[in-house]
Amino acid sequence: MMKLQRGAALLTAMLIVTLVASLASAMVWRQYRAVQIETADRARAQSAWILQGALDWARLILREDMRANPNEAIDHLGEIWAVPLAEARLSTFLAADKDNTADGPEAFLSGSIQDAQAQYNLRNLLSGPEVPELELRTLARLCESAGVPADTASRLAGQLRAAFAKTPELATAPLPPRNIDQLLWLGLSPEVVERLRPLVTLLPQPTPVNLNTAPREVIAALFDGMDLASAQRLVAQRQSAPLHNLAELKPLLPSSVSVSAERAAFSSSFFIVDGRLRLEERVLEERSLVQRVRNEVLVISRQRINLLQPAARSP
């Protein structure tokens with residue numbers, strides 16, 4: 001009888017120890033998860049504030065560029081805004097104690113400002129009751145330059161007009177895209193979208209192409225009678241001296257080419273700000289579309305193009 005009581009007491013003690021160990025493990029796990037969540041939230045908040053500061057800095061550069069040239073409203077690739085920011089360490093500014101940054105988070109920021117009007121704006125296809133023939137020919141030439149199927153231009157123009165129609169057929173009309181990535185909604189394949197990405201953009205309103213920043217493929221496609229060699233000569237000429245007006249442009253084009261201020265410009269209102277933050281083992285990328293209106297720079301949209309993820313470790 002005594003042995004049975006001792007065995008029962010021992011079994012009870014083991015059960016109690018197992019229960020206590022299980023509860024302790026659960027408490028430790030919950031505490032660990034709470035710490036992990038708090039760390040992730042803190043990193044996300046830090047990342048958001050840093051990228052917001054980078055965006056504000058880019059807006060300041062664009063605003064000061066306009067103020068510095070009030071009588072010469074041109075934008076070209078030789079200006080300060082066109083110089084990308086190489087990856088710079090920000091640990092000194094993020095550390096709680098500036099005199100002791102050894103324990104501060106490892107943060108690196110890089111970014112760039114790009115002229116959104118250096119590409120052909122697909123919004124130009126929506127002006128007028130029908131697709132303008134000149135705009136459709138321009139898009140067709142761009143599609144040919146990009147090496148996409150021949151019917152891409154007509155299909156894309158038709159789908160865009162259906163998506164942005166004031167009274168669309170709800171059963172068949174696609175959702176209106178807001179950026180190039182969303183052209184997939186119009187039935188384009190990912191490969192076609194990637195091929196068109198360097199050549200086209202989608203802005204909130206029709207815009208001319210800035211000939212001081214556009215690549216030669218866009219310039220060659222913009223005008224009837226323009227060829228790639230003439231576009232290359234224009235690109236080479238603007239590297240030494242940016243263009244200011246149509247009078248300076250016409251001698252650089254074939255005599256048969258007709259140029260209008262509605263389709264060609266030498267300054268820009270829309271810019272794309274790319275920011276990339278590497279904070280410890282996380283990487284966050286963000287793309288913002290801004291519009292410069294007089295001396296103000298307004299944020300039109302912000303898009304996270306790469307979620308927080310572990311950074312690649314060097315071997």
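**A tour from strand β8 outward**

Begin by selecting strand β8, residues 282-293, where 9 of the 12 residues are buried, so that the strand is largely enclosed by the rest of the structure. Please keep in mind throughout that this is a predicted model.

Next, add strand β7, residues 270-279, to the selection, and you will see that β7 and β8 pair in the antiparallel sense over 10 bridges. To follow one of these pairings by eye, select Phe 270 and look for its bridge partner in β8, which is Gln 291. The two strands form a hairpin with 2 residues between them, and in that turn Glu 280 has a positive phi of about 55 degrees.

Now zoom out to the whole protein chain, which contains 8 helices and 9 strands. Of its 315 residues, 37% count as buried, and its accessible surface comes to about 18500 Å², of which 57% belongs to carbon and sulfur atoms. If you display contacts between residues at least 6 apart in sequence, 61% of them join residues at least 24 apart.

From there, turn to the interior and select Leu 122 together with Leu 211, the two residues that touch the most other members of the largest nonpolar core, a set of 45 residues. The elements that give two or more residues to this core are α3 (133-146), α4, α5, α6 (216-222) and α7 (228-240), and these can be coloured as a group. Staying with Leu 122 and leaving aside residues up to four places away in sequence, you can pick out its contacts, among them Leu 139, Leu 156, Leu 160, Ile 180 and Val 200. A second, separate core comprises 9 residues, including Ala 58, Val 273, Val 290 and Val 297.

Helix α7 is the next stop, and the residue to select there is Ser 230. Is Ser 230 buried or exposed? Its relative accessibility is 1%, which is under the 20% limit, and therefore Ser 230 counts as buried. Beyond residues up to four places away in sequence, Ser 230 touches Leu 252 and Pro 254, so both may usefully be shown as sticks beside it.Finally, move to the surface and select Leu 184, which is found in the loop between α4 (152-163) and α5 (190-196). Leu 184 is partly exposed, with a relative accessible area of 40%. Adding Leu 175 and Trp 185 to the selection completes a nonpolar surface patch of about 310 Å², made by these two residues and Leu 184.

Note on methods:
Residues numbered from 1 in each chain as written. Predicted model: local features only at pLDDT ≥ 70, side-chain atom pairs only at ≥ 80, totals over all residues. Heavy atoms only, no water. Patch = residues over 30% accessible without salt bridge, like charges linked within 9 Å, V, L, I, M, F, W, Y side chains within 5 Å. Areas by Shrake-Rupley, 256 points an atom, 1.4 Å probe, with all protein chains shown as cover. Salt bridge = Lys/Arg side-chain N within 4 Å of Asp/Glu carboxyl O. Helix = DSSP H or I, 4+ residues; strand = E, 2+ residues; numbered from the N terminus. Buried < 20%, exposed > 50% of the residue type's maximum accessible area, 1.4 Å probe, protein only. Core = buried A, V, L, I, M, F, W, Y, C linked by side-chain atoms within 4.5 Å. Contact = heavy atoms within 4.5 Å. Pairing = 2+ DSSP bridges.
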